[in-house]
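Biologist: Got a minute to go through this one with me? Put it up and I'll start asking.

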Amino acid sequence: MADGGEWPLVKANETRRWLRAGLGALSGLLSAGAALAVAELVAAFVRPEAGPLPAIGGAVIDRTPPAVKDWAVRHFGTDDKLVLQTGILVVLGLIAIGLGVLSLRLRRTAMAGVFAFGLVGAYAAVHRAGAGAVDAVPSVLGGVVGAAALWWSTEPVVRVRAEDRAFDRRAFLIAAGALALGSAVAGTTGRIVADGKRASIAAFRNRIRLPAAAEPAAPLPPGADLRLPGLSAFTTSNADFYRVDTALVVPRVDVENWSLRIHGKGVRTPLRYSYNDLLRRPLIERDLTLTCVSNEVGGPYTGTARWLGVRLADLLREAGVRPPSRGGPADQLVSRSVDGMTIGTPVEVAMDGRDALLAIGMNGEPLPFEHGYPVRMVVPGLYGYVSACKWLVDLELTTFASYDAYWVKRTWSREAPIKTQSRIDTPKPFARLRVGVPIPIAGIAWAQHRGVSAVEVSVAGGPWQSARLAEVPGPDTWRQWVWEWTPTRTGSQRIEVRATDATGAVQTDKRVGTVPDGATGRHSVVVTVA
Ligand SMILES: Nc1nc2c(c(=O)[nH]1)N[C@H]1C(S)=C(S)[C@@H](COP(=O)(O)O)O[C@H]1N2
Ligand SMILES: [Mo]
C-alpha cells in the first residue's frame, strides 16, 4: 500500500469482479445443463415428448406466425427444426448466464428464475394436445434440480473470506466438476433409455409382414414413367418422399399400446380398432400423389407413393356415419395424431367414393416413422393439412361450425382441394443449352381427383406447344409430360409451363402465395442458349 496508492488494489478488485461474474455465469450454464439433463432423463421414462426441449420447441412452433414459419421452411428446408432447437438452446444458455451472474447478488431471485423456467417447460408440456398432468413432472423436477444446483455451485463464490476477500476456488471447482459430471451421466442415461425404447419399436416394425391387398393396385401402365434424366420418377421412393410436419422428434408409436378410436356426432356405435384389427380387414392398394399446401409454385413438397390401407368410408359406415348429403349431422371428420396434430376433412369427401385410405403401407413396407407409422390418412385431391394426418390415434365426427383444426386456427382455409399445378423438372434453371441441339423439356403436372388432360409449354413468350403426356393409373396421381425443344437462337430464354385439368380448366397465371389455400401461378425456368 505504501508504494502504490490505490491503483493496484482497484485493479485486483476489478479482476476479481470479472472472475466472480464469470464463475457465476459458468454456474448458471452448468445448473441449466443439470436441469435439462435431469428433465430429459425423467422424460425418457415418462414420455419422450414431455421433455422440456421438445415441449418448448413444440410450443414455439405452435406460436410462430404462418409467415415466419413459411420463411423458415423456405430458408432452412428440413433443417428448420435443427435451427429452431439450436436457437432455443442459445436463448436458454443466455438466460442461464444472466441468472448465474444475478445469483451472486440476488440468490433467491435467481433460484426462483431457474425454477420458473422449469414451470415454463411444464406448462408447455402439459398444454400439448394429447398430454396429461404427468407430462409436467420432468420439467418441474428439472427446475428443482437446476435451482438447487445453482445455489450449491455459487455458494463458494458468494462466501468470500473476510481476511482477503478471496473465495474458495477449490470448493467451486469441485462443485462445478460434480455438476458437469452428474449432468453428463443423467443426460447419457436418458439418451440410452430413450434410444432403447425407440430401437425396440423399430425392431418390431421391421418384423411386420404386411398382408397382400384384397384389391391390389393395377400394374402401372407402361409409359407412366418416361425415365428421363432429371425428371421425377413416377413413384417417389420413401427415402426421397418430402416430409412436412410439426414434430420435433418423429413419434415412434408402440403399436401394442396403440388403438384408433372413431366417435362423435352421428356415430351409432363408437369403435376402437387395434393395429391387428386393421391388418385383418380387406386392404386396398392405390397409387396416390400427396401435395402440401405450403408448396410454392415449382416447389418440392409433392410425391407419389403406392399406399396400402383400409378404406376409410367402410370404417365410417360401420360406425353408422352418414355423409351430410344423406342426412348425417357431422360435416367434419377431425383426425388427431399421437403428437396432438388435428386435421379436419369434409365427411362428404371422405365418403364420396374416392380412395380415401387409412394407410398402413407405403411402397411395399409398413409406413416409415417419418410418414406416420403405424397408421395415417390419405385422401386423394386434398392438401395434406386437411387430409393426411400421420401417427393417427383418433377420428371424431363433428362440424366445421363447432371446431377449427390446427392450421385453420392459424389462418389457413377450412377446406382445401388441391389446385392444378405443373412443374418443370428438367432443364434446371440457368442450364446451358446449344442452338440446334434438341433437348427434352419435362416435368410433372397434378390436379388430383380431377386428372390432368393437357400440358403446354411456351418459350420466350411464344405460342403454347402441346407436351406429350405420360400414361397414368387414374386421376389421383401426378402426370409426367415432355416436350422436345430445339433452340433456334442464342441468349437467355424463359420456358414456362401450364396444365389443364380434366374439367377443361387451364392453370391460372395469377400468382398467389401459399396462404390460405395453396399457391397459384406458373412455373418457369430460365436457360441460356449458346
Ligand atoms: N401428425 C401430423 N400429421 C400431419 C402433419 C403434421 O404436422 N402432423 N402435417 C400434414 C401436412 S401439412 C402434410 S403436407 C402431410 C405431409 O406428409 P408427409 O410428411 O408424409 O409427406 O402430412 C400431414 N399430416
Ligand atoms: Mo402440408
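Biologist: Which residues around ligand 1 come nearest?

Modeller: Bear in mind that this is a predicted model. Tyr242, His371, Arg376, Ala388 and Lys390 come nearest, out of 20 residues around ligand 1.

Biologist: What is the make-up of that shell by class?

Modeller: The shell around ligand 1 has 11 nonpolar residues, five charged and four polar.

Biologist: Back to arginine 376. How far is a polar side-chain atom of arginine 376 from an oxygen atom of ligand 1?

Modeller: The distance is 2.7 Å. That falls within the 3.5 Å cut-off for N or O pairs, so the pair counts as a polar contact.

Biologist: And the backbone? Which atom of ligand 1 is 3.0 Å from a polar backbone atom of alanine 388?

Modeller: A nitrogen atom of ligand 1. Threonine 246 also brings in its backbone: a polar atom there is 3.0 Å from an oxygen atom of ligand 1.

Biologist: How much of the accessible area of ligand 1 does the protein cover?

Modeller: The protein covers 99% of it. On its own, ligand 1 has 530 Å² of accessible area.

Biologist: Switching to annotation. What does UniProt list for residues 249–402?

Modeller: An unreviewed UniProt entry gives "domain: Oxidoreductase molybdopterin-binding" for that range.

Biologist: What are the helix and strand shares over residues 249–402?

Modeller: Strand takes 36% and helix 10%. The C-alpha atoms at the two ends of that range are 31 Å apart.

Biologist: Zoom out. How many helices and strands are in the protein chain?

Modeller: The protein chain has 19 strands and 10 helices. Its C-alpha trace spans about 100 × 70 × 45 Å along the principal axes.

Biologist: What percentage of the protein chain counts as buried?

Modeller: 51% of its 530 residues. The accessible surface of the protein chain comes to about 24300 Å², with 60% belonging to carbon and sulfur atoms.

Biologist: And contacts with a separation of 6 or more: what share comes from residues 24 or more positions apart?

Modeller: Those residues account for 75% of such contacts in the protein chain.

Biologist: One last spot. Where is isoleucine 95?

Modeller: Isoleucine 95 is in helix H4, which covers residues 80–102.

Biologist: Why does isoleucine 95 count as partly exposed?

Modeller: Because its relative accessibility is 29%. Partly exposed runs between the 20% limit for buried and the 50% limit for exposed.

Biologist: How far is its C-alpha atom from that of valine 114?

Modeller: The C-alpha atoms of isoleucine 95 and valine 114 are separated by 9.1 Å, with their positions 19 residues apart along the chain.

Key: Residues are numbered from 1 along each chain as its sequence is written. Chains are lettered from A and ligands numbered from 1 in the order in which they are written. This is a predicted model: local features need pLDDT of at least 70, side-chain atom pairs count only at pLDDT 80 or more; totals for chains, interfaces and linings use all residues. Side-chain values use heavy atoms; hydrogens and water are left out. A residue is near a molecule or strand if one of its heavy atoms lies within 4 Å of it. A polar contact is a pair of N or O atoms within 3.5 Å; within protein, one must be able to donate a hydrogen and the other to accept it, and residues adjacent in sequence count only if both atoms are side-chain atoms. Accessible areas come from the Shrake-Rupley method with a 1.4 Å probe; for residues, only the protein chains shown count as cover. Ala, Val, Leu, Ile, Met, Phe, Trp, Tyr, Cys and Pro count as nonpolar, Asp, Glu, Lys and Arg as charged, and the others, Gly among them, as polar. UniProt positions are given in the numbering used here, feature names are shortened, and annotations may be inferred rather than shown by experiment. Helices (H or I, at least four residues) and strands (E, at least two) are DSSP runs, numbered from the N terminus. Buried means under 20% relative accessible area, exposed over 50%, partly exposed in between (1.4 Å probe, protein chains only). Contact means heavy atoms within 4.5 Å.
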